[in-house]
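Me: I would like to go through the terms used for this model and ask what stands behind each one.

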Amino acid sequence: MGKLFGTDGVRDVANTKLTPELAFQLGRAGAYVLTKKTAGAPRVLLAKDSRRSGDMLEAALTAGLCSIGAQVFHAGVIPTPAVAYLVRRYNLCAGVMISASHNKMADNGIKFFNSEGFKLSDALEEEIESLIEEINTTGDNLPRPVGEGVGMINQVKEAAKDYVSYLASTVFGLNLDGYKIALDCANGATSEVAPWIFKKLGAQVLTIHNTPDGSNINDKCGSTHIESLQAFVQAEGADIGIAFDGDGDRMFALCENGGVVDGDVTLAICGLDLKERSQLAQNTIVATVMSNQGLEIFCRANEINLYRADVGDRYVLEKMLSDNLQFGGEQSGHLIFRRHSTTGDGILAALQLVAVMSRKKMQLSELASVLETFPQVLLNAAVPNNRKHELLTNPQIQKAQSEIESAMKGEGRILIRPSGTEPVVRVMLEGRDKSKIENYAKTLVDIIQKNLT
């Protein structure tokens, strides 16, 4: 059996590789691993994003969970970070989110949260995988309660409302009267709650891509396709634009002039604000290996420590937990404010960013000017999932990377890594001359695809 879990749960094409049968097994194995020490019937929250395969996988997962004896609490379509919060609020044993985040509509995914609202450790994921492998080879020997021991479904009608109340509590006293805020909800899980919270705080809210129909999630919209929001912000004269991804665990912001504020810039703006208010633990920000060199220069200039973790908000969080740090995130827009949340939360991050604008009475473009970034090129090399890890040992790829690094003469860097969520190898180059690094990146993509496909 191939490895099921990537950097953000199990994710693949729905009904082809991520089948109802696999979802059922994940429900049984996941519930068993996460609740085996629970006294009485385990209680598990289950939610989904707006893609049409969510209903199918929800039904299969629910059957698997109930067959172990779990009481399943259906929360409907809500963002991933809402699951992490509501598990804690409702004192449940675990949470499960059905989503493929920023992926195309045909994909879907399943990610688990423990009773404290944290994504699972590698060890727990491996335990779930081992159980499923055992089921497929020697049979299913997990518990099968009968009669009153079989689990049931409970509908959680207040899930979205409770999440919005929690979001408001993270910016207590913030009044956005007079602000015009443009939102791109990616036709996904934030389509209801994102406009709700900003209106609740008094802003004039303008929305695009917030009419999910099951098929239009992430379709030329959201945080990975910000072009329509850029035009919308400038046409409407908005003070800020905010683009979420399909499951709402990340966001990109846009200045009033359409300029892009990615996760690195948000780390700089909010990190400096936290430091100035003596709320940045150990004066330290946690970023990833993908973060721009400009962020390092900014941190040194402002006497802020910068730690780099592996790619994936779970690894950022692991570093934050191990060193008792409070703020970190990814260039891709996953931002973790540990004082408020156990995972990346796009709406919460947007609220914190707008709160800085309000406190300092500055436009976002002014705030963003604190960080000067180096040109960076990110390309994907399409390769089969079962071969993408070969890049680490392939001599032709290693030789090409070494030659390009020598040509850059120490004025840039290369990062090549297999994606944890898609059948691609990510190629990132950073340097002073954008045209050169674009050519270098294309060369590397060609060599990777030639050697791994």
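The turns below deal with helix packing, sheets, pockets and a cavity in a predicted model.

Me: Why are α3 and α5 called roughly perpendicular to each other?

Reply: The axes of helix α3 (residues 80-89) and helix α5 (residues 159-169) cross at roughly 95°. Angles of 65 to 115 degrees count as roughly perpendicular, so α3 and α5 are given that description. Their axes come within 10 Å.

Me: Which residues make the contact of α3 and α5, and how do they divide by class?

Reply: Pro 81, Ala 82, Tyr 85, Leu 86 and Arg 89 take part from α3, and Ala 159, Asp 162, Tyr 163 and Tyr 166 from α5. Seven of the residues in this contact are nonpolar, none is polar and two are charged. Tyr counts as nonpolar under the classes used.

Me: What makes β9 and β12 edge strands?

Reply: The open sheet of five strands runs in the order β9-β8-β10-β11-β12, with mixed pairing. β9 (204-208) and β12 (260-261) each have a single partner strand, so one side of each has no neighbour in the sheet.

Me: How do you know that β11 and β12 pair?

Reply: Two strands pair if DSSP finds at least two bridges between them. Strand β11 (residues 251-254) and β12 have two bridges, in the antiparallel sense, so the condition of at least two is met. Ala 253 stands opposite Val 261 in β12. Helix α7 (residues 227-236) packs on this sheet and touches β8 (180-184), β9, β10 (240-244), β11 and β12.

Me: What makes the direction of α7 roughly antiparallel to that of β8, given about 160°?

Reply: Angles over 145 degrees count as roughly antiparallel. The direction of α7 makes about 160° with that of β8, so the term applies under that cut-off.

Me: What is the strand order in the sheet of seven strands, and which are its edge strands?

Reply: This open sheet has the order β1-β2-β6-β5-β3-β4-β7 and mixed pairing. β1 and β7 (153-155) are the edge strands, each pairing on one side only. Strand β5 (residues 94-98) and strand β6 (residues 107-113) pair in the antiparallel sense over four bridges. One of the bridge pairs joins Ile 98 to Ile 110 in β6. Helix α2 (residues 53-68) packs on the sheet, and its direction makes about 170° with that of β3 (43-48).

Me: What is the volume of the largest pocket, and which residues are closest to its centre?

Reply: The largest pocket holds about 1100 Å³ of space. Its lining has 40 residues, and His 102, Thr 224, Arg 250, Ser 332 and Leu 378 are the closest to the centre. Strand β17 (residues 376-382) gives the largest share of this lining, five residues. By class the lining has eight nonpolar, 18 polar and 14 charged residues.

Me: What is the volume of the second largest pocket, and which element gives the most to its lining?

Reply: The second largest pocket has a volume of about 970 Å³. Among its 36 lining residues, Gly 6, Asn 385, Lys 388, Ser 419 and Gly 420 are the closest to the centre. β2 gives the most to the lining, five residues.

Me: What makes a space a cavity and not a pocket, and how many cavities of 30 Å³ or more are there?

Reply: A 1.4 Å probe fits in a cavity but cannot get out, whereas a pocket is open. The count comes to one cavity of 30 Å³ or more. The largest cavity has a volume of about 50 Å³. Its lining includes Thr 7, Asp 8, Lys 111, Phe 112 and Arg 314, and by class it has two nonpolar, two polar and five charged residues.

How values were computed: Residues numbered from 1 in each chain as written. Predicted model: local features only at pLDDT ≥ 70, side-chain atom pairs only at ≥ 80, totals over all residues. Heavy atoms only, no water. 1 Å grid on protein atoms, 1.4 Å probe; cavity = no way out; pocket = protein on both sides within 12 Å on 5 of 7 lines; lining within 4 Å. Points joined across faces, edges and corners; volume = space filled by probe spheres on them. Contact = heavy atoms within 4.5 Å. Axes fitted to C-alpha atoms, helices over the stretch in contact; angles between N-to-C directions. Parallel < 35°, antiparallel > 145°, perpendicular 65-115°, else oblique.
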